[in-house]
Amino acid sequence: MVSLNSLAKGAGLLYFGTAVDNPSLSNSAYTAIAFNSSEFGQITPANGQKWDSVEPSQNTFNYANGDAITTKAQAAGQILRCHNLVWYNQLPSWVSGGSWTTSTLQSVITTHITNEVTHYKGKCYAWDVVNEALDDSGNYRTDVFYNILGTSYIPFAFNAAAAADPSAKLYYNDYNIEYAGAKLTAAINIVKGIQSAGVKIDGVGLQGHFIVGSTPSKASLISALQSFTALGVEVAYTELDVRQSSVPASASAQQQQATDYVTVVSACLSVKDCVGVTVWDFDDQYSWVPSTFSGSGEADLWSSNLVKKPAYTSIASFLKSAATAPGATATSSLTTAASTITTSVTTAPSITSAPATTAAVGTIGHWNQCGGQGFASAGACASPYTCSTINTYYAQCL
Ligand code: G3I
């Protein structure tokens, strides 16, 4: 049975993942796909870890929605991307409308991040620490964080997250930074600013909310990815979907959608240190698109009655060919460990070399999962890589 995550790993990615939201947990046909680690090796809670869900009133923390998803993902042996800590949206009014000084708002941010990151400590492969700090023109959003703290809130938040879970990879996450423009330039400057503040940043999440027929070219996507990896951080497509401008989509529009999805996956495979692709999410029934873009929709890989679309088949075929082609693209391109910028104010993520699982045969390639709670061993790391424990749930050939 060909499934996306299995094929993506065979092509050299760390994972192929999906967002999952709480309302869909009651749909057993949906959850059978979502929590099948052959199909999806990584899960992102779509809403349950956001500030309004976790800390709806000051110092009152509620992890029920986030945990409902993360516990299922852990049981299935799936990697977690955790989303998100500081964002202007889905921010409770006690934060956005508060009368803060520099020190009181810093205290609010520290409390929120420390509590939430500690709750999930050891479980998150990555955290989206700051989400969408930039507006559509590439200027800083004038939200409560920026208005009180200026741009300093960004390294401040990363520093708090690093202190609470030194092993989690810390990402900046945004949309419309997948191609050249003022917003990409501004996002590059955010990464540089965090680094020059001496604070740890490990990755940039490019959300990847695209439109059928208007998806950037592969060359453009690759160029943007490389502008981040050149700074020493890893990258991932974190919220990929490709929406139809009018629905129901014709057969040719579905074929174009398939082409667009493959373009994005192919760009990731082509770039060293692009670790994975996450769709947001996989079934049209639970897509955020129709309620945000009236008349648009059908953005996902499965239809709302859970039938796979041409986009699914095309991605699967592409990944299969990437894995079997001589000198497969991604396995050969992902040759270095994810970069970690260690600093004077944070502790470097600890990657120890104690294998979580071992086997006699050296079959698992660089970057692939080799152990962790719930992982069924498939062999040992190929020479010269070592099975390195990232956290309780994840070990990787590094
Ligand atoms: O929780 C309330 C519920 O109490 C109320 O009854 C209901 C009535 O509408 O609304 C519920 O809140 C909704 C929330 O999702 C949780 O389901 C909001 O209305 C709705 O706007 C919100 O939408 C989410 C959106 O972020 C908000 O911006 C989407 O589900 C979620 O998929 C989407 O995800 C974002 C990423 O986090 C960041 N990047 C863009 C992406 C798409 O917008």
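How far does a polar side-chain atom of E239 lie from a nitrogen atom of the ligand? I looked that up before anything else, and I got 2.6 Å. A note to self before I go on: this is a predicted model.

**Entry 1: around the ligand**

I stayed with the ligand for a while. Taken alone, the ligand exposes 790 Å², and the protein buries 47% of that. I found 14 residues around the ligand, and the closest are N47, K50, H83, E132 and E239. I then sorted that shell by character and got 3 nonpolar, 7 polar and 4 charged residues.

E239 isn't the end of the polar story. A polar side-chain atom of E132 lies 2.8 Å from a nitrogen atom of the ligand. For Q90, I looked at an oxygen atom of the ligand instead, and a polar side-chain atom of Q90 lies 3.4 Å from it.

**Entry 2: a second look at Q90**

I wanted to know where Q90 sits, and I found it in the loop between β3 and α5, with α5 covering residues 93–96. Is Q90 buried or partly exposed? Its relative accessibility is 24%, so I put it down as partly exposed. The backbone caught my eye too: phi of Q90 is near 50 degrees, a positive value in a residue that isn't glycine.

I came across another one like that. L306 isn't a glycine either, and its phi is positive at about 65 degrees. I located L306 in the loop between α12 and α13, where α13 runs over 310–324.

**Entry 3: cis peptide bonds**

Next I went through peptide bonds. H83, which I had already listed among the residues closest to the ligand, is joined to N84 by a cis peptide bond with omega of about -10 degrees. N84 belongs to strand β3, residues 79–86.

I noted another cis bond from W280 to D281, and here omega is near -25 degrees. D281 is in a loop, between β9 (274–279) and α12 (289–292).

**Entry 4: strand β6 and what follows**

Which way do the side chains of strand β6 point? I checked residues 203–206: G203 and G205 point one way, V204 and L206 point the other way, and all of them are buried. β6 has a partner, strand β5 (residues 169–174), and the two pair in the parallel sense over 4 bridges. Looking across the pair, I saw Y171 standing opposite G203.

Then I followed the chain into the loop between β6 and β7 (209–211), where I found Q207. Being in a loop, is Q207 buried or exposed? Its relative accessible area is 1%, and the cut-off for buried is under 20%, so Q207 is buried. I made a list of what Q207 touches, leaving out residues up to four places away in sequence: N131, E132, N173, D174, Y175, E178, T238, E239 and L240. I spotted E132 and E239 there, and both are on my list of residues closest to the ligand.

**Entry 5: Q42 against T60**

Q42 is in strand β2, residues 42–45. Its relative accessible area is 0%, so I called it buried. What does its side chain do in there? I found a polar contact of 2.8 Å with the side chain of T44, and another of 2.7 Å with the side chain of T278. Setting aside neighbours within four places in sequence, I counted Y15, F16, G17, T18, Q78, I79, R81 and T278 as contacts of Q42.

T60 gave me another picture. I found T60 in the loop between α3 (51–54) and α4 (64–75). With a relative accessible area of 41%, T60 is partly exposed. Apart from residues up to four places away in sequence, T60 touches V54 and E55. I also checked T60 against H112, which is 52 residues along the chain from it, and their C-alpha atoms are separated by 9.8 Å.

**Entry 6: stepping back**

I finished with the whole chain. I have 14 helices and 14 strands written down. Of the 398 residues, 57% are buried. Among contacts with a separation of 6 or more, 77% come from residues 24 or more positions apart. The chain exposes about 14100 Å², and carbon and sulfur atoms supply 52% of that.

Methods: Residues are numbered from 1 along each chain as its sequence is written. This is a predicted model: local features need pLDDT of at least 70, side-chain atom pairs count only at pLDDT 80 or more; totals for chains, interfaces and linings use all residues. Side-chain values use heavy atoms; hydrogens and water are left out. Buried means under 20% relative accessible area, exposed over 50%, partly exposed in between (1.4 Å probe, protein chains only). Contact means heavy atoms within 4.5 Å. Accessible areas come from the Shrake-Rupley method with a 1.4 Å probe; for residues, only the protein chains shown count as cover. A residue is near a molecule or strand if one of its heavy atoms lies within 4 Å of it. A polar contact is a pair of N or O atoms within 3.5 Å; within protein, one must be able to donate a hydrogen and the other to accept it, and residues adjacent in sequence count only if both atoms are side-chain atoms. Ala, Val, Leu, Ile, Met, Phe, Trp, Tyr, Cys and Pro count as nonpolar, Asp, Glu, Lys and Arg as charged, and the others, Gly among them, as polar. Two strands pair if DSSP finds at least two bridges between them.
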